[in-house]
2 protein chains.
Amino acid sequence: MSTKNKILDAAESLFANKGFNGTSLREITGQADVNLAAVNYHFGSKKELIKAVMSRYMNELSPRLESALRQVCEIEAPNLIDVFSAFIDPLLSLNKFKDNGTSNFLQLLGRGYTDSQGFLRWFLTTQYPGVIDNFVLAVQKSYPELSAEEMFWRLHFTMGTVVFTMSSSDALIDIAKSDFDRDLQISDVIRNVIPYVAAGVGAPMPLKR
Amino acid sequence: MSTKNKILDAAESLFANKGFNGTSLREITGQADVNLAAVNYHFGSKKELIKAVMSRYMNELSPRLESALRQVCEIEAPNLIDVFSAFIDPLLSLNKFKDNGTSNFLQLLGRGYTDSQGFLRWFLTTQYPGVIDNFVLAVQKSYPELSAEEMFWRLHFTMGTVVFTMSSSDALIDIAKSDFDRDLQISDVIRNVIPYVAAGVGAPMPLKR
DNA sequence: AAGTAGTTTAAACAAGCGTTTAAACTAACG
DNA sequence: CGTTAGTTTAAACGCTTGTTTAAACTACTT
């Protein structure tokens with residue numbers, strides 16, 4: 001395997017588990033078994049390496065997501081469960097693309113939102129706006145009564161639920177094993193969260209005060 | 001004001017805004033206008049300082065929360081909106097206790113959950129178990145059909161929603177101003193999130209597969 | 001007034017960080 | 001074979017980190 005890919009793989013799992021700030025280039029190059037200077041040679045800087053790790057996933061994911069969400073919009077009367085279920089297959093397809101792909105990607109998403117002062121939010125909204133646009137369209141078709149303002153809040157809450165859940169999914173799976181004797185996978189976590197966020201976004205419009 | 005409190009105040013706002021890993025002792029002592037060595041003299045280490053910042057809030061908050069949740073349990077037929085609304089007054093009371101108290105505390109909670117590999121989860125569950133126990137009791141009384149396993153998941157999702165929302169509440173308030181011309185406060189964010197999490201936790205039990 | 005416990009201070013410590021340098025190595029082409 | 005472009009390497013750079021040291025200062029007690 002190429003040095004570049006060895007770095008990307010090592011950086012990905014370390015970033016997912018310990019955050020961007022919490023992972024040093026020496027840890028990455030140590031786990032990748034390459035020279036320290038290779039990161040700056042191939043990627044220029046640590047920040048560019050972070051972008052490269054995220055891009056590798058987003059380039060795989062965003063066309064699948066956009067197409068799945070467009071399909072939902074073509075349903076005659078879609079509901080919110082349909083909308084959120086559209087995420088399942090594209091997300092799980094990351095596991096074929098790479099071992100632990102789904103889990104790593106979702107954890108990275110969580111890290112990027114809390115580490116590094118909103119840099120990742122800028123990255124996603126500017127580099128991959130198509131996903132967000134199609135998602136909003138699908139939600140609007142499923143719940144037309146939802147005002148733009150209310151939608152803004154609820155989509156943000158949903159982002160929080162998903163990102164936070166996934167960034168601690170390893171711990172959750174461990175607890176499910178010890179407390180309920182269940183052997184769960186990341187796909188089970190995804191399936192569990194869908195009814196929750198669908199109900200949250202679909203909550204009745206609150207009365208004006 | 002005492003050196004100790006100057007350090008605690010500076011550390012609190014810096015930790016909330018930049019995370020625990022992202023804040024150096026030199027930034028803290030610089031903003032507090034005290035000597036660098038004062039942190040280690042008064043608190044022993046950075047880790048102990050983090051605990052002290054969290055404890056200052058939890059010691060104020062946990063008795064109020066426990067009592068509010070116990071009151072909910074005494075309602076004849078409480079619903080989930082009652083349960084989550086019980087958090088409002090205790091959380092907002094932190095604003096009397098300190099400027100920006102509510103916002104800072106909730107942001108710190110979010111930081112602690114994602115920074116520092118679950119150290120804060122250990123801290124909260126071992127040091128303040130009474131809050132969690134009373135919360136679970138109140139949810140059970142409001143939604144008895146919810147299985148223990150389903151409850152575990154949904155409470156975790158809720159934690160994620162709240163913690164993530166609050167850790168980025170400053171950004172949210174800014175967006176609400178620019179996009180919808182609304183001047184919101186942290187209390188408005190709290191009131192917005194309650195219908196969402198109440199609906200999420202109250203979602204119908206999924207069919208067995 | 002001398003002594004003492006508590007606090008503050010400037011300075012230094014060792015360790016880790018991201019990045020840069022320049023030399024060594026590799027492989028392909030003319 | 002010699003040259004050249006691409007890659008890897010060890011070493012060092014300058015800087016920041018949390019922590020420690022020992023001297024200076026403060027305020028209260030004997």
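The overall dimensions of chain A, taken from a predicted model, were compared with those of a globule: a compact globule of 209 residues would have a radius of gyration near 17 Å, and because chain A has 18 Å, the value agrees with that expectation. Along its principal axes, the C-alpha trace of chain A spans about 60 × 45 × 35 Å.

The secondary structure of chain A comprises twelve helices and zero strands, so that the pattern read along the sequence is α-α-α-α-α-α-α-α-α-α-α-α. Of the contacts in chain A with a separation of 6 or more, 71% are accounted for by residues 24 or more positions apart. Buried residues, meaning those under 20% relative accessible area, make up 55% of the 209 residues in chain A.

Among the helices, helix 7 of chain A, which covers residues 101-114, is mostly covered by the rest of the protein as computed, with 14 of its 14 residues buried. The length of helix 7 was also examined: at 1.5 Å a residue, its 14 residues should span 20 Å, and the end C-alpha atoms are 20 Å apart, which agrees with the expected span.

With regard to the surface, the accessible area of chain A comes to about 9,600 Å², and carbon and sulfur atoms contribute 51% of this area. Chain A carries 21 positive and 23 negative charges, and the mean positions of these two sets lie 6 Å apart.

Terms used: Residues are numbered from 1 along each chain as its sequence is written. Chains are lettered from A and ligands numbered from 1 in the order in which they are written. This is a predicted model: local features need pLDDT of at least 70, side-chain atom pairs count only at pLDDT 80 or more; totals for chains, interfaces and linings use all residues. Side-chain values use heavy atoms; hydrogens and water are left out. Helices (H or I, at least four residues) and strands (E, at least two) are DSSP runs, numbered from the N terminus. The radius of gyration is taken over C-alpha atoms; the globule rule is 2.2 Å times the number of residues to the power 0.38. Buried means under 20% relative accessible area, exposed over 50%, partly exposed in between (1.4 Å probe, protein chains only). Contact means heavy atoms within 4.5 Å. Accessible areas come from the Shrake-Rupley method with a 1.4 Å probe; for residues, only the protein chains shown count as cover. Lys and Arg count as positive and Asp and Glu as negative; His and the chain ends are not counted. The place of a charge is taken as NZ of Lys, CZ of Arg, CG of Asp or CD of Glu. The expected span of a helix is 1.5 Å times one less than its number of residues.
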